[in-house]
Amino acid sequence: MKHFLLMLIMVSSALISAQPNANSDIKDGSVSGRVLDAVLNEPLPYVNIVIKDMTHKIITGGITNDDGTFDIRNIPEGKIIVSIQFVGFKTIEKNVTIGKGNYKPNLGDIKLEEESTGLEEVTVVADVSTIQQRVDRKVITIGKDLQTAGATASEIMNNLPSVSVDQQSGAISLRGNQNVRVMVDGKLSNIPAEQLLKQIPSTSIKSIELITNPSAKYNPEGMSGIINIVLHKNTQIGFNGNINVGLAYDIEAKFNSSIDANYRNGKFNLYGSYSNNIAKNANYGGFTRSEQEIRQNFDILNNNKSHLYKIGIDYYLNDKNTISIFTNQNTFSGKPMVNSEILYLANPSLNESQYMDGESTNDSQQYNFNYKHDFNEEGHNIELEVDYNTYEGLGDTNNIFYNSSRPNFIEDTDTDRDNTTINLDYVNPLSETSKLELGLEARLFDTSIFYESNARETNEFGDYIPTTTRFDYSRDIYSAYATYGNKIDKWSYQVGVRAETVGVDSEAFKKDLASSETLFIPFENDYFELYPSAFVTYAASDKNSYQFSYSRRIDRPGIGQVNPLPEWSTPLISQFGNQELRPQFTNSIETNYTRQFEKGSITAGIFYRIIEDEIQQAILIDRTDINRLIMTNMNFDNSTSYGVEVSSNYRPTKWWSVNASFDLFSQTQKSVAESFDSNQNIVLNTVEVDNVAWSARAFNNFRVSKSLSFSAFGMYRAKNKNIQFEMHDMLMVNLGMRYSFLENNRASFSLSYNDIFNTMYAQFESERPYAQYGQFNWESQQISARLSYRFGGGKYRAKSRKQRDNDVKEGGGMF
């Protein structure tokens with residue numbers, strides 16, 4: 001650890017010393033202007049502005065702001081070339097002279113036209129993925145290289161900085177914490193995140209945003225932040241579309257496909273898409289309790305089928321008013337099969353086994369309405385959005401025991417869930433450098449879960465089966481926010497506050513075994529909270545920028561954490577929710593430094609979090625069988641965590657590019673775990689775990705020609721601890737290739753081979769409440785192939801409607 005800190009200090013010092021020194025011979029020349037789409041007459045953000053001398057040697061550069069403006073400074077006297085470059089558009093170069101009487105020329109409005117070769121494309125996808133550090137988020141633009149890395153969103157997540165996906169459960173974490181919200185185009189979904197990520201084809205993803213410190217404008221949920229998946233938008237004139245087919249195999253076969261299309265003519269834009277994921281997923285492993293000489297093995301096979309449909313229409317009433325409507329329809333069916341055996345190493349005659357199979361289905365519907373009105377002043381608008389989600393899920397599980405006194409039983413679970421969100425947002429650019437944003441939001445959430453089992457209550461082991469029969473939960477949130485931002489020379493800032501009033505009402509109905517009467521267990525939790533945020537950005541030069549941010553956030557318990565019904569149960573372990581669990585709050589501070597180079601960039605950041613009423617897992621001993629454990633969640637005292645992140649893009653040569661990242665985090669976790677004393681009495685212990693973990697990953701892309709490229713990805717995750725286990729380190733190396741063909745590269749074929757050394761598995765050990773060790777494996781050594789084809793064509797791009805939560809500005813959320 002000491003060597004690492006020393007290395008980090010040396011690297012930081014080298015970066016700081018690499019900043020350009022002031023030069024008294026250089027006049028304070030600058031070039032400014034605004035870049036517009038020639039067809040739509042709308043500003044183009046993130047356009048590259050490159051300043052060259054007359055020999056075409058690069059002097060400096062920058063990118064346009066969200067309003068299309070740019071102001072490149074510290075330009076020496078003399079003749080220069082201003083090159084305006086943007087993917088899919090024709091490059092424009094202008095000759096400018098910096099000198100007496102013309103030290104700050106303004107080029108006015110510069111209108112870019114689309115490249116003729118890009119007119120027939122539905123979307124323009126860069127060959128190489130890029131990482132941009134904005135004021136509150138990292139934006140990873142998904143290029144063709146990362147599309148090769150995996151067929152679905154779930155498979156490419158492990159390629160991203162600070163993100164990891166549990167390959168067994170599909171759970172996603174950010175900065176080592178699973179308290180993260182996953183959105184698609186800025187919207188939450190009722191579909192479970194692990195299911196949703198496996199349904200989104202990688203070729204449909206435009207970018208992935210890692211939002212670690214959202215402003216007060218955005219929902220404050222998620223302790224470690226938000227992951228927002230931004231999909232490509234088909235908005236071209238005429239008929240356009242894309243079709244993808246993928247196949248993967250390790251132990252079992254996996255198939256996925258998608259098709260999307262749109263038709264744009266006049267005032268209407270009609271679009272639709274369909275995607276599916278049909279896969280069998282195998283997991284196997286187990287653990288050994290060394291002191292008790294008990295071994296439990298698992299062999300799990302999930303046979304899942306999911307289908308996602310989307311259709312929508314944009315209606316352009318006029319230049320000032322747009323109405324948009326869309327719906328998502330999702331169906332899912334799964335058939336889990338679990339073989340579990342318990343081996344008593346000292347007395348094999350006691351060995352027993354359990355077989356579980358069943359079927360789970362769920363249907364989810366989303367209906368979205370959006371109306372936007374633009375006032376005469378540019379950037380001045382008001383927008384209303386209504387989003388309604390429903391979810392219906394059914395689950396049936398058969399539990400069969402062999403050589404065991406436990407009774408066979410059947411469990412049925414029925415879930416109904418409704419979620420309504422209404423947003424009203426108002427944006428007013430008070431001046432060229434300041435902006436005011438106001439908004440109101442209502443979020444209404446209701447769920448009802450019904451559980452029943454045919455377990456024999458009179459059986460001596462009847463207590464293994466929970467008797468709760470129904471759980472109702474509702475949460476209504478009403479909020480308002482205000483943010484104000486301003487820019488002063490090289491400084492920009494934004495301050496804001498969000499006020500929320502929350503009402504939580506839950507009811508559990510439980511049948512008493514002795515009296516056969518139904519018990520009513522209510523719980524209410526109403527509270528009011530303020531969530532302030534502040535952002536400051538300092539652009540020291542075109543190559544160096546500094547960012548500081550603060551926000552207060554909340555992590556509300558999920559349904560699985562408060563639901564007293566069983567989440568899962570095995571002969572040795574069961575997991576239940578805690579109905580009285582309260583939310584935890586996080587105060588987060590973050591600072592970043594970004595350095596631009598001629599061939600890339602590097603961003604280094606530090607974050608610090610204070611967590612109030614922390615939610616952690618508790619491990620208890622089942623009083624009905626001291627060999628069994630019960631896992632649940634409880635609130636604990638305040639804790640802290642901090643971390644360091646470094647990410648970079650670099651292109652050593654024209655044919656080789658690399659995205660690399662390193663992250664280190666430290667956190668203290670508190671919990672309780674029951675154990676036995678020397679007299680075999682159950683003792684409640686307070687557990688505190690200090691965890692320092694780090695990981696590094698690098699994605700290399702090698703371009704052989706315009707049509708052929710290869711990729712290599714490597715990731716190493718060091719040891720880390722949680723309340724129950726110490727996880728061993730993990731290593732993964734993936735290889736891939738991509739070949740484009742047909743006219744204008746309309747078609748492409750990609751092939752990948754993941755975990756080529758077969759080193760990606762979960763190995764763990766623990767001392768509480770029992771000394772144990774184990775390992776779980778999944779289908780990590782996977783070969784996959786994908787074929788994509790674009791069809792249709794159009795001459796112009798249509799106006800894309802705004803996506804509410806996909807629009808954070810530079811410089812404190814506005815510039």
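The questions below ask how named features of this predicted model earn their labels.

The model is predicted: local features need pLDDT of at least 70, side-chain atom pairs count only at pLDDT 80 or more, and totals for chains, interfaces and linings use all residues. Residues are numbered from 1 along each chain as its sequence is written, and side-chain values use heavy atoms, with hydrogens and water left out.

Q: What makes a stretch of the protein a helix or a strand, and how many of each are there?
A: Both are DSSP runs, numbered from the N terminus: helices are H or I with at least four residues, strands are E with at least two. By that rule the protein has six helices and 44 strands.

Q: Why is Met-732 called buried?
A: Buried means under 20% relative accessible area, exposed over 50%, and partly exposed in between, with a 1.4 Å probe and protein chains only. Met-732 has a relative accessible area of 9%, so it is buried. Met-732 is found in strand β40 (residues 730-741). Its C-alpha atom is separated by 9.3 Å from that of Tyr-761, 29 residues apart along the chain.

Q: What share of the 815 residues counts as buried?
A: For the protein, 53% of the 815 residues count as buried. The exposed surface is about 35,700 Å², and carbon and sulfur atoms supply 55% of it. Those areas come from the Shrake-Rupley method with a 1.4 Å probe; for residues, only the protein chains shown count as cover.

Q: Why do Glu-293 and Leu-742 get accessibility labels of their own?
A: Glu-293 has 39% relative accessibility, so it counts as partly exposed. Leu-742 has 52%, so it counts as exposed. Glu-293 lies in the loop between β17 (268-289) and β18 (294-316). Leu-742 is found in the loop between β40 and β41 (747-753).

Q: What is notable about phi at Glu-293 and Leu-742, residues other than glycine?
A: Phi is positive in both: near 55° for Glu-293 and near 70° for Leu-742.

Q: How do you know that β22 and β23 pair?
A: Two strands pair if DSSP finds at least two bridges between them. Strand β22 (residues 409-428) and strand β23 (residues 434-453) have 18 bridges, in the antiparallel sense. One bridge partners Asp-414 with Phe-450 in β23. The two strands form a hairpin with five residues between them.

Q: What makes β3 and β6 edge strands?
A: Their sheet is open, antiparallel, and ordered β3-β2-β5-β6. β3 (58-63) and β6 (92-98) each have a single partner strand, so one side of each is left without a neighbour in the sheet. The twist averages 20° from one strand to the next. Inside this sheet, β5 (residues 78-85) pairs with β6 over seven bridges, and Gly-78 stands opposite Ile-98 in β6.

Q: Which strands are the edges of the sheet β4-β1-β7?
A: This open sheet of three strands has mixed pairing. β4 (69-75) and β7 (106-112) each pair on one side only, and they are its edge strands. The twist averages 25° from one strand to the next. β1 (residues 29-37) pairs with β4 in the antiparallel sense over five bridges; Val-31 has Ile-72 as its bridge partner in β4.

Q: What makes a set of residues a nonpolar core, and which members of the largest touch the most others?
A: The set must be buried Ala, Val, Leu, Ile, Met, Phe, Trp, Tyr and Cys residues joined through side-chain atoms within 4.5 Å. The largest has 23 residues; Met-157, Ile-172, Ile-205, Ile-208, Ile-227 and Ile-229 touch the most other members. Among the elements that each supply at least two residues are α3 (153-156), β13 (205-211) and β14 (225-231).

Q: Why is the ring pair of Tyr-546 and Tyr-593 called tilted?
A: Rings of Phe, Tyr and Trp (its six-membered ring) pair if their centres lie within 6.5 Å; planes under 30 degrees apart count as stacked, over 60 as edge-to-face and the rest as tilted. This pair has 4.9 Å centre to centre and 35° between the planes, so it is tilted. Tyr-546 is in strand β27 (residues 544-555) and Tyr-593 in strand β30 (residues 584-597), 47 residues apart. At 30% relative accessibility Tyr-546 is partly exposed, while Tyr-593 is buried at 10%.

Key
Axes fitted to C-alpha atoms, helices over the stretch in contact; angles between N-to-C directions.
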